[in-house]
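Good morning, colleagues. Thank you for making time for this short presentation; please look at the sequence and the structure as I show them.

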Amino acid sequence: MTSTGFTKHAQDGKARSGVIQTPRGEIRTPAFMPVGTAATVKAMMPESVASTGADILLGNTYHLMLRPTAERIAKLGGLHKFMNWDKPILTDSGGFQVMSLAGLRKLTERGVTFKSHIDGSKHEITPERSMEIQELLGSDIVMCFDECPALPADRDRIASSMRMSMRWAKRSREAFGDRPGHMLFGIQQGGLEEDFRKESAEALCEIGFDGYAVGGLAVGEGQQAMFSTLDFSNDMLPEDKPRYLMGVGKPDDIVGAVARGIDMMDCVLPSRSGRTGQVFTRMGVLNIKNARHMDDPRPLDENCSCPACQNYSRAYLHHVFRSQEIISSMLLTWHNLQYYQDIMAGMREAIAAGRFAQWQADFHAGREQGDIDPL
Ligand SMILES: [Zn+2]
């Protein structure tokens with residue numbers, strides 16, 4: 001079996017580039033993971049997602065356990081075979097989505113019970129059950145089960161939640177056991193509080209994980225608070241393991257996170273925005289439904305290699321969006337995912353060449369050219 005683990009190849013400032021080895025292939029870092037919630041990246045064929053340069057997808061435990069169920073996916077050969085994606089998959093633990101079911105869930109030391117948003121049926125996720133589900137799915141990178149309070153929250157609430165998450169991290173580690181070729185990531189919690197982040201990092205390092213996620217950010221605190229937390233929280237995590245910032249984000253969030261030492265991210269934004277007509281480009285954000293695109297023969301971005309930019313005008317993309325044609329979601333999602341992967345490739349190259357600061361300056365300068373639609 002191929003050895004599994006992280007190798008850092010270069011560092012420029014705090015920004016790192018490297019590779020995570022898995023038996024299903026290499027993940028080049030910094031990496032952006034498109035989100036395949038229901039065993040599909042919406043509006044994309046898996047081979048098209050791969051063609052944008054994505055090395056890894058994220059799957060959602062909460063959605064898959066309810067429908068079609070982890071047991072059914074396991075019987076059908078696992079999530080990779082089920083969805084026709086043979087590269088690595090990271091699954092979340094189900095925690096974040098269950099916690100956001102305010103009013104429909106009950107939290108105890110044992111775990112969380114909740115009612116399905118689909119049919120109201122009752123379910124339970126514990127750290128042990130989360131590990132079992134993620135194993136049934138065949139996930140390459142498994143996440144610990146944790147709890148994450150919405151911000152702002154008072155210090156007592158943040159501390160007690162973080163400490164329970166650390167007890168759950170230990171139970172997750174024990175339940176995961178020894179599975180060669182598969183990785184288990186711990187999740188640092190502690191809100192925006194430096195002392196709690198430190199306590200959490202120490203608890204996780206004592207248990208020992210294959211990678212470390214920074215959890216509990218991008219939950220309403222704003223970019224500045226997120227960046228200032230990353231400024232200290234990353235330094236508390238081991239140098240030689242991958243660091244994953246969960247649920248982030250907009251292009252400038254991603255660049256700022258990499259600048260602070262993050263190696264992996266995921267977000268629904270590029271795919272969701274593709275379906276709502278919001279287009280990310282080097283020059284800023286376009287809203288394709290804006291009337292100014294109606295007669296515009298230019299591509300979205302003349303330097304982009306995606307099919308939307310190679311073969312179609314803004315006028316056409318405006319038309320199919322306004323006509324609610326399915327190809328609109330397909331083309332705009334493809335473009336957005338291509339743009340995100342191009343950013344990641346650009347950063348990896350710049351870090352390796354020791355010119356990440358210049359790359360960042362060019363990135364921000366491009367966005368100040370101002371070809372932007374008011375949203
Ligand atoms: Zn494009």
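I shall discuss a metal site, a sheet and a pocket in turn. Please bear in mind that this is a predicted model.

Let me begin with the zinc ion. Its protein donors are three cysteine sulfurs, the SG atoms of Cys-304, Cys-306 and Cys-309, together with ND1 of His-335. These atoms lie 2.1 to 2.3 Å from the metal. Along the chain, the donors follow the spacing C-x1-C-x2-C-x25-H. Why is the arrangement described as tetrahedral? The reason is that the 4 donor atoms subtend angles of 98 to 116 degrees around the zinc ion, and the criterion for four donors requires all angles to lie between 85 and 135 degrees. As for accessibility, both Cys-306 and Cys-309 are buried.

I turn now to the sheet. It is open, consists of 3 strands in the order 7-8-9, and has antiparallel pairing. Strand 7, residues 105-107, and strand 9, residues 122-125, are the edge strands, each pairing on one side only. From one strand to the next, the twist averages 15 degrees. Between strand 7 and strand 8, the latter spanning residues 112-115, the antiparallel pairing extends over 3 bridges. Within this region, Arg-105 stands opposite Phe-114 of strand 8.

Finally, the largest pocket. Its volume is about 630 Å³. Which of its 30 lining residues are closest to its centre? They are Asn-60, Phe-96, Gln-97, Asp-266 and Val-268. Helix 5 (95-99) and helix 11 (269-276) each contribute at least two residues to the lining, with helix 11 providing the largest share, 3 residues.

Thank you; I welcome discussion.

Terms used:
Residues are numbered from 1 along each chain as its sequence is written. This is a predicted model: local features need pLDDT of at least 70, side-chain atom pairs count only at pLDDT 80 or more; totals for chains, interfaces and linings use all residues. Side-chain values use heavy atoms; hydrogens and water are left out. Donors are N, O and S atoms within 2.8 Å of the metal (3.2 Å for Na, K and Ca); water is not among the atoms, so sites may look incomplete. Four donors count as tetrahedral if all angles lie between 85 and 135 degrees; four count as square planar and six as octahedral if opposite donors are over 155 degrees apart and all others between 65 and 115; anything else is irregular. Buried means under 20% relative accessible area, exposed over 50%, partly exposed in between (1.4 Å probe, protein chains only). Two strands pair if DSSP finds at least two bridges between them. Helices (H or I, at least four residues) and strands (E, at least two) are DSSP runs, numbered from the N terminus. Axes are lines fitted to C-alpha atoms, for helices over the stretch in contact, and angles run from 0 to 180 degrees between N-to-C directions. On a 1 Å grid over the protein atoms alone, a cavity is a set of points where a 1.4 Å probe fits but cannot get out, and a pocket is an open set with protein on both sides within 12 Å along at least five of seven lines; lining residues have an atom within 4 Å of a point. Grid points are joined across faces, edges and corners, and a volume is the space filled by probe spheres set on the points.
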